Amino acid sequence: MSIVPKSSFEFLKELKKNNHRDWMTEHKKRYQASEKELKAFYASLAERLNEKDEIEKTKVFRINRDIRFSNDKTPYNVHRSVSFSRAGAHRRGGYYLRLEPGNSLMAGGFFSPEPADLLRIRKEFEMDDQEIRDILANPKFKKAFGGFNTNYQVKTAPKGFSKEHPAIDLIKNKSFFVEHSFTDTEVFAPDFIDKIVYHFELLRPYFDYMSDVLTTDLNGVSLLDD
């Protein structure tokens with residue numbers, strides 16, 4: 001299936017108004033039917049991505065929320081999300097898609113990288129930030145994404161880095177990902193899957209660059225086993 005069924009959004013809208021277990025139990029068959037259709041769409045998207053990349057894993061996020069540490073005790077997410085992991089240690093970066101009435105988006109990059117990767121990225125930007133700035137300034141990339149999501153930053157500078165460094169605007173990020181939103185009209189259009197693929201493919205120069213950074217040391221020596 002290469003389209004998102006409108007019934008999936010109808011279900012999510014109703015779930016938002018009735019976010020409790022009794023309602024979900026009563027509408028379990030609707031949920032299962034919706035999930036089946038969405039998973040078929042995800043499979044079509046993975047197939048398209050595999051034409052120019054290599055996808056190792058498709059992860060469909062659970063509809064159940066983790067409410068252990070949240071003040072919001074509603075049990076279910078009112079969106080459906082999926083991620084696509086690239087294959088091999090030499091391919092870094094991941095693709096993400098969220099489908100939600102009035103709030104759908106794609107994203108890609110590095111969300112909360114592990115400490116070693118985070119330090120390596122920051123050190124690279126400290127040493128030379130020209131290549132990443134050229135990628136971010138690419139007209140098509142900039143039009144699609146603007147720039148990194150800056151909601152995840154330290155306030156001044158990470159430990160060991162100068163707040164006066166010319167690249168501190170990049171270095172203080174804790175995540176390095178971009179987003180693009182879609183309207184509901186776009187989601188249900190026949191060419192929606194083409195638009196997602198287009199935006200995912202815009203990430204490839206960025207992924208190629210970051211893959212090189214994260215698989216080498218600061219001297220450019222490979223960290224991967226031959």
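Mentor: Contact here means heavy atoms within 4.5 Å. Keep in mind that this is a predicted model.

Trainee: Okay, so what does Leu 203 touch, leaving out residues up to four places away in sequence?

Mentor: Leu 203 touches Tyr 95, Met 106, Gly 108, Phe 141, Phe 145 and Val 178. Leu 203 is also among the residues with the most contacts inside the largest nonpolar core, which has 57 residues. Helix H3 gives this core its largest share, seven residues.

Trainee: Why are H1 and H3 called oblique to each other?

Mentor: Check the angle. The axes of H1 (residues 6–17) and H3 (residues 28–49) cross at roughly 135° and come within 9 Å. Roughly perpendicular covers 65 to 115 degrees, and roughly antiparallel needs over 145. The value fits neither, so H1 and H3 count as oblique. The crossing of H1 past H3 is left-handed.

Trainee: Which residues make that contact?

Mentor: On H1 you've got Ser 7, Ser 8, Glu 10, Phe 11 and Glu 14, and on H3 there are Arg 30, Tyr 31, Ser 34, Glu 37 and Leu 38. Sorted by type, that's three nonpolar, three polar and four charged.

Trainee: What makes the phi of Ser 112 worth a look?

Mentor: Most residues other than glycine have a negative phi. Ser 112 isn't a glycine, yet its phi is positive, about 50°. You'll find Ser 112 in the loop between strand E4 (104–110) and helix H4 (115–127).

Trainee: And how do you know that Ser 112 is partly exposed?

Mentor: Its relative accessible area is 47%. Buried means under 20% and exposed means over 50%. Ser 112 falls in between, so we call it partly exposed.

Notes:
Residues are numbered from 1 along each chain as its sequence is written. This is a predicted model: local features need pLDDT of at least 70, side-chain atom pairs count only at pLDDT 80 or more; totals for chains, interfaces and linings use all residues. Side-chain values use heavy atoms; hydrogens and water are left out. Axes are lines fitted to C-alpha atoms, for helices over the stretch in contact, and angles run from 0 to 180 degrees between N-to-C directions. Helices (H or I, at least four residues) and strands (E, at least two) are DSSP runs, numbered from the N terminus. Angles under 35 degrees count as roughly parallel, over 145 as roughly antiparallel, 65 to 115 as roughly perpendicular and the rest as oblique. A crossing is left-handed if the near helix is turned anticlockwise from the far one by less than a right angle, and right-handed if clockwise. Ala, Val, Leu, Ile, Met, Phe, Trp, Tyr, Cys and Pro count as nonpolar, Asp, Glu, Lys and Arg as charged, and the others, Gly among them, as polar. A nonpolar core is a set of buried Ala, Val, Leu, Ile, Met, Phe, Trp, Tyr and Cys residues joined through side-chain atoms within 4.5 Å. Buried means under 20% relative accessible area, exposed over 50%, partly exposed in between (1.4 Å probe, protein chains only).
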